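Hi,

Here is the structure I promised to send over. Have a look first, and my notes follow below.

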Amino acid sequence: MHRLAVSSRFFASHDMHHVVHHLCNLGYEGLEYDPVAPHPTPEDLATEEARTAFRKLVTSHGLAFAALVGADAPLAHSLGAPTLIVESAERFTALAQSAPNVALAWRFTPAHRPGEIMEVLRSVPDRFGLAYNTAYALQIASDDLEFLKMVRERIVHIELADLGGPLGKGKVAFDRLIPELKNVAAHVWTSLDLTGSEDPFTAAADVKRLVEKWRRRYT
C-alpha cells in the first residue's frame with residue numbers, strides 16, 4: 001500500500017519543526033518538500049551541514065522525504081528524497097539525459113493533452129515518469145480512468161487532488177480511480193492535496209481519514 005505524504009507548500013505560514021511534529025502525530029509517513037521560503041530554500045541548503053541538519057529535523061520525527069519539488073537531483077539525493085518532481089517537460093527531458101541518481105517525475109499541467117504526455121514519456125528511460133495529479137488528469141482527458149490506465153506503468157509519484165473543491169468534495173470520481181491507483185507500483189508515494197482549507201493541520205487530518213476510508217472500501 002502506498003505511503004502517505006503531504007506537501008510542505010500548504011504550511012507556508014508555519015515553522016517546519018511545528019509542521020513535521022504535527023504530521024508525525026497525524027500518522028503521515030512522508031513530506032513532499034517544496035523548497036520555497038520561509039522554509040529552507042536550495043540556497044539555505046547549499047552546505048552539507050545545512051542539508052544534514054534539515055534531513056535530521058524531518059527524519060527524527062519519523063518522516064521521510066517523499067519527493068523534492070523543482071530543485072535539483074543532487075539536493076534530492078542528499079536529502080534522501082527518492083524522486084525529483086519537475087514542472088516543465090523541457091527540463092524533465094533534459095534532466096533525463098543526465099542520468100540522475102533519483103527518479104524524475106514530470107508534473108504535467110491541464111495545458112497538455114494525453115498524446116503529448118505519451119510522446120514525452122517515450123522520449124525518456126522507463127524509470128522516469130509522471131507525478132500523476134488526479135485534478136489535472138480530469139482536466140486533460142475526457143475519461144480520466146482510461147488515461148490513468150494508459151500511463152499507470154509510468155507513474156512514479158501520485159498527487160491526490162480534487163477539482164472545484166477540497167479532496168473528496170469536488171468533481172473527481174475517486175470511487176472510479178482508487179481501485180486502479182492501487183495497481184501503481186507499491187514503492188510510489190501518494191501525496192494528499194489540502195487546497196481549499198483555512199487550517200492545513202485540520203485538513204491534513206481530515207483527508208488522511210478520508211483516504212484511509214477509501215482504501216478500506218476497495219481492499
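**Strand β1 and the salt bridges**

Val-6 in β1 sits across from Leu-31 of β2. Keep in mind that this is a predicted model.

Those two strands, β1 (residues 4-7) and β2 (residues 30-33), run parallel and are joined by three bridges. Together with helix α1 (residues 16-26) they form a right-handed β-α-β unit. β1 also pairs with β8 (residues 190-192), again in the parallel sense and over three bridges, and there Leu-4 faces Thr-190. As for the side chains of β1, Leu-4 and Val-6 point one way while Ala-5 and Ser-7 point the other, and all are buried.

Now the charged residues. There are 13 salt bridges in the structure. One of them joins the side chains of Glu-159 and Arg-107, at 2.6 Å from N to O. Glu-159 is in strand β7 (residues 155-160) and Arg-107 in the loop between β5 and α5, so this contact ties together parts that are 52 residues apart in sequence. Glu-159 is buried at 6% relative accessible area, and Arg-107 also counts as buried, at 10%. Both belong to a salt-bridge network that links them with Glu-32 and Glu-87.

Arg-152 is worth a look too. Its side chain meets that of Glu-153 in a salt bridge (3.1 Å, N to O), and Arg-152 forms another with Glu-180, where the closest N and O atoms are 2.6 Å apart. The pair with Glu-180 links the loop between α7 and β7 to helix α8, 28 residues apart. Arg-152 is partly exposed at 24%, Glu-153 is exposed at 62%, and Glu-180 is buried at 11%.

Cheers

Definitions and conventions:
Residues are numbered from 1 along each chain as its sequence is written. This is a predicted model: local features need pLDDT of at least 70, side-chain atom pairs count only at pLDDT 80 or more; totals for chains, interfaces and linings use all residues. Side-chain values use heavy atoms; hydrogens and water are left out. Buried means under 20% relative accessible area, exposed over 50%, partly exposed in between (1.4 Å probe, protein chains only). Helices (H or I, at least four residues) and strands (E, at least two) are DSSP runs, numbered from the N terminus. Two strands pair if DSSP finds at least two bridges between them. A crossover is right-handed if, with the strands pointing away from the viewer, the path from the first strand over the helix to the second runs clockwise. A salt bridge is a side-chain nitrogen of Lys or Arg within 4 Å of a carboxyl oxygen of Asp or Glu.
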